[in-house]
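Reader: I am new to this structure and would like a close look at a single part of it. Please take one strand, and then follow the contacts outward from there.

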Amino acid sequence: MSTSIHNVLTIAGSDSGGGAGVQADLKTFSALGVYGATVITALTAQNTHGVQSVYTPTAEFVSAQIDAVLSDIKIDAIKIGMLANAGIVRAVAAALRRYQPAHVILDTVMFSKSKHALLDTEAIATLREELMPLAELVTPNLPEAAALLEQDCATSEEEMVRQGEALRALGARAVLMKGGHLNGEFSPDWLIEANGNARLGGARVLSPHTHGTGCTLSSAIAALRPQRLDLESAVSDAKAYLTQALINSSRLTVGSGIGPVHHFYQWW
């Protein structure tokens, strides 16, 4: 295992409230000991009560940002979050084909916590067909998995596994089905890989402050993937980090709505 400091890139939207998007990604990268670079795919005006407005740059400018970073900085892993529209999805996919990074973690962001759409409906097919086959890991929650498959949302672990296997069949090397939307005291995730499926269990953390949990988990996996020998170890350790960030979220006082997790719980 290398002791050098890895460089990890996030390609995602900006959250003006600081709890999700590239802001959460950079905090996670720093907490887990990697250097973070960014490509901004959208600017959101949002706070703990939701998204008020979204401004999207051109796909050409997104491509320019990616080229600027990857032509100069050795990037060990890439996390992809909010992509906004089909043009940006295609631009990111084209860049991945050009540079062929070793580790790509795709968080299929479609909706904010306040149910604001963060990906055009017509872009879902583009993401499924062009970007998913380029990812080492895709990390959908249950509504996102259902949208990608054009099926009803899974309501059991058995359905989660079946949908995860169906998503992997579309080209992704592995799928992490996140079980946070299941009912019950537990919040199990399932890691679907070619060599088998693994249940990553865990008690549900009862906290109202869950803003940015998906961003934080996927960026934690991206940060840890170059530091771990296999994908399951990276995912398991990322889940452990997110769990503690959720447990400690009540120590923060950020806004009067759905607050963020505490990325730096180990230090302050």
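Author: In this predicted model, Val8 stands opposite Gly36, a residue of strand S2. Val8 falls within strand S1, which covers residues 7-15. Strand S2 takes in residues 35-47, and its pairing with S1 is parallel, over 9 bridges. Between the two strands the chain passes through helix H1, residues 21-31, and the β-α-β crossover made in this way is right-handed.

S1 also pairs with strand S4, residues 77-80, again in the parallel sense, here over 4 bridges. One of the facing pairs is Thr10 with Lys79, the latter being the bridge partner in S4. S1 thus has S2 as a parallel partner and S4 as another. As for cover, S1 is mostly hidden: 9 of its 9 residues are buried. In a regular strand, side chains alternate between the two faces of the sheet.

From the strands, the account moves to the helices. Ser63 belongs to helix H2, residues 59-70. Its relative accessibility is 17%, so Ser63 counts as buried, the cut-off being under 20%. From Ser63 to Gln100 the separation is 37 residues in sequence, and the C-alpha atoms are 15 Å apart in space.

Helix H3, residues 86-99, holds Arg90, and helix H4 holds Glu130, so the pair these two form ties together parts that are 40 residues apart in sequence. That pair is a salt bridge between Arg90 and Glu130, with 3.8 Å between the closest N and O atoms. Arg90, at 43% relative accessibility, counts as partly exposed. Glu130 counts as partly exposed too, at 26%.

Another salt bridge joins the side chains of Glu129 and Arg128, at 3.9 Å from N to O. Are its two ends buried or exposed? Glu129 is exposed, at 55% relative accessibility, whereas Arg128 is buried, at 16%. The count for the structure comes to 10 salt bridges. Side chains of opposite charge can pair when their charged atoms come close.

Helix H4, residues 123-131, is also one of the elements against which the buried residues of helix H5 pack; the others are helix H6 (157-169) and strand S7 (174-177). H5 covers residues 142-149 and is mostly covered, with 6 of its 8 residues buried. The buried residues in H5 are Leu142, Glu144, Ala145, Ala146, Leu148 and Leu149. An α-helix has 3.6 residues a turn, so residues three or four places apart point the same way.

Both ends of H5 have a local feature. At the start of the helix, a side-chain oxygen of Asn141 comes to within 2.9 Å of the backbone nitrogen of Glu144. Just after the helix, Glu150 has a positive phi, about 55°.

A further salt bridge lies between Asp189 and Lys239, whose closest N and O atoms are 2.9 Å apart. Asp189 is in strand S8, residues 189-193, and Lys239 is in helix H8, so this pair ties together parts that are 50 residues apart in sequence. Asp189 is buried, at 5% relative accessibility, and Lys239 is buried as well, at 14%.

Helix H8, residues 231-247, leads on to the aromatic residues, since it contains Tyr241; Tyr265 lies in the segment after H8, 24 residues apart from Tyr241. The structure holds 3 aromatic pairs. In the pair of Tyr241 and Tyr265, the ring centres are 5.8 Å apart and the planes stand at 35°, so the pair counts as tilted. Tyr241 and Tyr265 are both buried.

The rings of Phe264 and Trp267 also pair: their centres are 6.2 Å apart and their planes are at 65°, so this pair is edge-to-face. The cut-off for edge-to-face is over 60 degrees. Ring pairs link Phe264 and Trp267 with Trp268 in a cluster. Within that cluster, Trp267 is exposed, with a relative accessible area of 54%.

Key
Residues are numbered from 1 along each chain as its sequence is written. This is a predicted model: local features need pLDDT of at least 70, side-chain atom pairs count only at pLDDT 80 or more; totals for chains, interfaces and linings use all residues. Side-chain values use heavy atoms; hydrogens and water are left out. Buried means under 20% relative accessible area, exposed over 50%, partly exposed in between (1.4 Å probe, protein chains only). Two strands pair if DSSP finds at least two bridges between them. A crossover is right-handed if, with the strands pointing away from the viewer, the path from the first strand over the helix to the second runs clockwise. Contact means heavy atoms within 4.5 Å. A polar contact is a pair of N or O atoms within 3.5 Å; within protein, one must be able to donate a hydrogen and the other to accept it, and residues adjacent in sequence count only if both atoms are side-chain atoms. Rings of Phe, Tyr and Trp (its six-membered ring) pair if their centres lie within 6.5 Å; planes under 30 degrees apart count as stacked, over 60 as edge-to-face and the rest as tilted. A salt bridge is a side-chain nitrogen of Lys or Arg within 4 Å of a carboxyl oxygen of Asp or Glu.
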